[in-house]
Amino acid sequence: MKTYCGALSALGDPTRRAIFEHLGERPLAVVDLAALVPVSRPAVSQHLKVLKGAGLVRDEQVGTRRVYSLDPDGIAVLRDYLDRFWNTALHSFKKRVEQLQEETNR
Amino acid sequence: MTETTSTAVRTTITVDAPVALAFTVFTEDMASWWPADHHILQAPLASMVFEPRAGGRVYDVGEDGSECQWARVLVHEPPHRVVFSWDISLQWQVEEDKARTSEVEVRFIAEAPARTRVELEHRHLDRHGEGWEGMRQAVGSPEGWAVGLQSFSRRLENATTP
């Protein structure tokens with residue numbers, strides 16, 4: 001059976017994923033990216049913000065341009081990403097378990 | 001930079017609940033706490049299934065009936081220990097090559113009748129392999145793109161913070 005397994009979190013959005021892939025080829029500025037993907041510049045900036053927040057993308061000021069690239073150390077990206085992910089997940093897990101426990105005690 | 005050589009992520013949390021409840025909620029009731037925006041299914045999520053036995057499958061089910069198996073249960077020792085594979089590739093697709101998957105071990109330690117310490121280790125991240133090499137190559141330009149980038153971006157962040 002065909003499965004539809006797309007992406008995880010920050011890479012879940014197809015446009016964001018495309019941006020991520022373009023940056024995998026070379027560092028680019030927002031204006032370059034806007035020419036490569038079918039969304040507006042503000043939308044590109046928004047996607048970059050999410051990717052940056054997820055620790056997948058970094059930026060650097062080069063002259064008057066801010067240039068975006070993938071994190072220079074791959075495994076650190078994955079580590080950061082999973083670290084963040086598991087922290088969020090375990091806090092959510094804690095909330096759920098303790099809520100069930102409270103209901104049992106009532 | 002010791003972090004960059006490590007191939008595992010570890011995190012611990014203590015919950016005010018008995019060990020058996022913690023184990024069951026973590027495994028069979030996974031859908032109740034798994035971050036809603038972290039599903040690899042494209043369709044809206046209907047449920048998550050965790051088959052509670054070694055060799056069991058872990059999969060998401062979409063509202064349209066599509067399924068995505070993203071893990072295999074490797075060790076199932078209720079209520080103290082569970083190990084499952086992380087069959088998600090660096091391209092964020094399901095990894096068909098099992099040699100290129102990492103694994104997650106979760107231990108449940110009773111600290112008191114109603115308190116459990118949960119220790120999670122996501123390890124063998126290096127098994128995901130070549131993708132990261134490619135990524136490093138992509139950004140490792142001759143000018144040494146990586147050099148000073150971190151302090152630079154930190155400075156940039158400070159500069160842009162009002």
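**Exercises on helix H3 and the sheet of chain A**

The bridge partner of A:Ala29 in strand S3(A) is A:Val67. The model is predicted, with local features needing pLDDT of at least 70 and side-chain atom pairs 80 or more, while totals for chains, interfaces and linings use all residues. Residues are numbered from 1 along each chain as written, and chains are lettered from A and ligands numbered from 1 in the order written.

**Exercise 1.** Find the strand order of the sheet, its edges and the helix H1(A) packed on it.

*Solution.*
- Strands are DSSP E runs of at least two residues, and helices are H or I runs of at least four, numbered from the N terminus.
- Strands pair if DSSP finds at least two bridges between them; S1(A) and S3(A) have 2 and run antiparallel.
- The open sheet has 3 strands in the order S1-S3-S2.
- S1 (28-29) and S2 of chain A each pair on one side only, as edge strands.
- H1(A) touches S1, S2 and S3 of chain A, where contact means C-beta atoms, placed from the backbone, within 7 Å.

**Exercise 2.** Which residues of H3(A) are buried, and why do they lie on the same side?

*Solution.*
- Buried means 20 or more other C-beta atoms within 10 Å of the residue's own, exposed 12 or fewer, and partly exposed in between, with C-beta atoms placed from the backbone.
- The buried residues are A:Val44, A:His47, A:Leu48 and A:Leu51.
- They share a side of H3(A) because their arc around the axis (from directions to the C-beta atoms) is only 100°.
- The face turned away carries exposed A:Pro42, A:Lys49 and A:Gly53.

How values were computed. Contact = placed C-beta atoms within 7 Å. Axes fitted to C-alpha atoms, helices over the stretch in contact; angles between N-to-C directions.
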